[in-house]
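Open the model in your viewer and keep the selection panel at hand. The stops below can be followed in order.

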Amino acid sequence: MKKILLIGLAMLMSIGISYRASAQKPDFNGKWKLDATKSTLPEYTPVLTRINVVVKGDSLLTQRFYDTGDGQEYPFTENVTLDGKEYSITIYDMPRKTKASASSEDGSFYVESTTTTGSGDFVSKETWKTDPSNKILTISFKNVMEGNEGTGSFILNKVE
């Protein structure tokens, strides 16, 4: 009888541990670097090469680094809340409006931005998700500019 009780108790404990591990919340905090071999990159530039992310409560602070095709990285910093409120910044003389929200179901983030360039508006819709180990960040995107649409995903590995 004791043996059956111990086996049953061990099974319950392992189920509890497995459930807790599978219910782990996404952790977007950290420094992330592009894995170009696993990513579906746009045919045009700029390409996101790195992103630093700090999430505190309802605040999302990012520092993005883009390669514009000439081998140089161009960074910009953006701070928004995850409640869908729109924020405006200027990056390299281009106005940018961004809003972000978090999914209550799976913890993913949705980031929408419109950057006004000399040739029109560049509209980007991103969905951010981490793998269960929080070591890989996937940013799936749909970009539209001048009627041209591009989709893909940036696969980024956590480096810190």
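Select Trp128 first: its relative accessibility is 0%, under the 20% limit, so Trp128 counts as buried. The structure is a predicted model, and the values in this tour are computed from it.

Now add Phe109. Its relative accessibility is 5%, so Phe109 counts as buried too. Display both rings: the centres of Phe109 and Trp128 are 6.1 Å apart and the planes meet at 40°, so the pair is tilted. That class applies because the angle is neither under 30 degrees, which would be stacked, nor over 60, which would be edge-to-face. Colour the two strands concerned. Phe109 belongs to strand E7 (residues 109-117) and Trp128 to strand E8 (residues 120-130), so the ring pair ties together parts that are 19 residues apart in sequence.

Add Phe28 to the selection. Phe28, Phe109 and Trp128 are linked by ring pairs into a cluster. The structure holds six aromatic pairs.

Keep Trp128 selected and turn to the cavity. How many cavities of 30 Å³ or more does the count give? The count gives one, and the volume of the largest cavity is about 40 Å³. To show its lining, select Leu60, Thr62, Arg64, Glu78, Val80, Val111 and Trp128. Strand E3 (59-67) and strand E4 (73-81) are the elements that give two or more residues to this lining. E3 gives the most, with three residues. Coloured by class, the lining shows four nonpolar residues, one polar residue and two charged residues.

Stay with E3 and E4. They run antiparallel and are joined by nine bridges. Pick Tyr66 and then Tyr74 in E4, which is the bridge partner of Tyr66. Follow the chain round the turn: E3 and E4 form a hairpin with five residues between them, and Gly69 in that turn has a positive phi of about 100°.

Switch to a cartoon view and show the whole sheet. In what order do the strands lie? The 10 strands form an open sheet with the order E4-E3-E2-E1-E10-E9-E8-E7-E6-E5, and the pairing is antiparallel. Go to the two edges: E4 and strand E5 (87-91) are the edge strands, each pairing on one side only. From one strand to the next, the twist averages 25°.

Next select strand E1 (residues 30-34). Gly30, Trp32 and Leu34 make up its covered face, while Lys31 and Lys33 make up the uncovered one. Add the neighbour on one side, strand E2 (residues 47-56): E1 and E2 pair in the antiparallel sense over four bridges. Then add E10, which is antiparallel to E1 and joined to E1 by three bridges.

Centre the view on Trp32, on the covered face of E1. Which residue is its bridge partner in E2? In E2, that partner is Ile51. In E10, Trp32 stands opposite Lys158.

For the last stop, keep E10 and add E9. Strand E9 (residues 136-145) and strand E10 (residues 148-158) form an antiparallel pair over 10 bridges. Pick Ile136 and then Asn157 to see one of the partnered positions: Asn157 in E10 is the bridge partner of Ile136.

Conventions:
Residues are numbered from 1 along each chain as its sequence is written. This is a predicted model: local features need pLDDT of at least 70, side-chain atom pairs count only at pLDDT 80 or more; totals for chains, interfaces and linings use all residues. Side-chain values use heavy atoms; hydrogens and water are left out. On a 1 Å grid over the protein atoms alone, a cavity is a set of points where a 1.4 Å probe fits but cannot get out, and a pocket is an open set with protein on both sides within 12 Å along at least five of seven lines; lining residues have an atom within 4 Å of a point. Grid points are joined across faces, edges and corners, and a volume is the space filled by probe spheres set on the points. Ala, Val, Leu, Ile, Met, Phe, Trp, Tyr, Cys and Pro count as nonpolar, Asp, Glu, Lys and Arg as charged, and the others, Gly among them, as polar. Two strands pair if DSSP finds at least two bridges between them. Axes are lines fitted to C-alpha atoms, for helices over the stretch in contact, and angles run from 0 to 180 degrees between N-to-C directions. Rings of Phe, Tyr and Trp (its six-membered ring) pair if their centres lie within 6.5 Å; planes under 30 degrees apart count as stacked, over 60 as edge-to-face and the rest as tilted. Buried means under 20% relative accessible area, exposed over 50%, partly exposed in between (1.4 Å probe, protein chains only).
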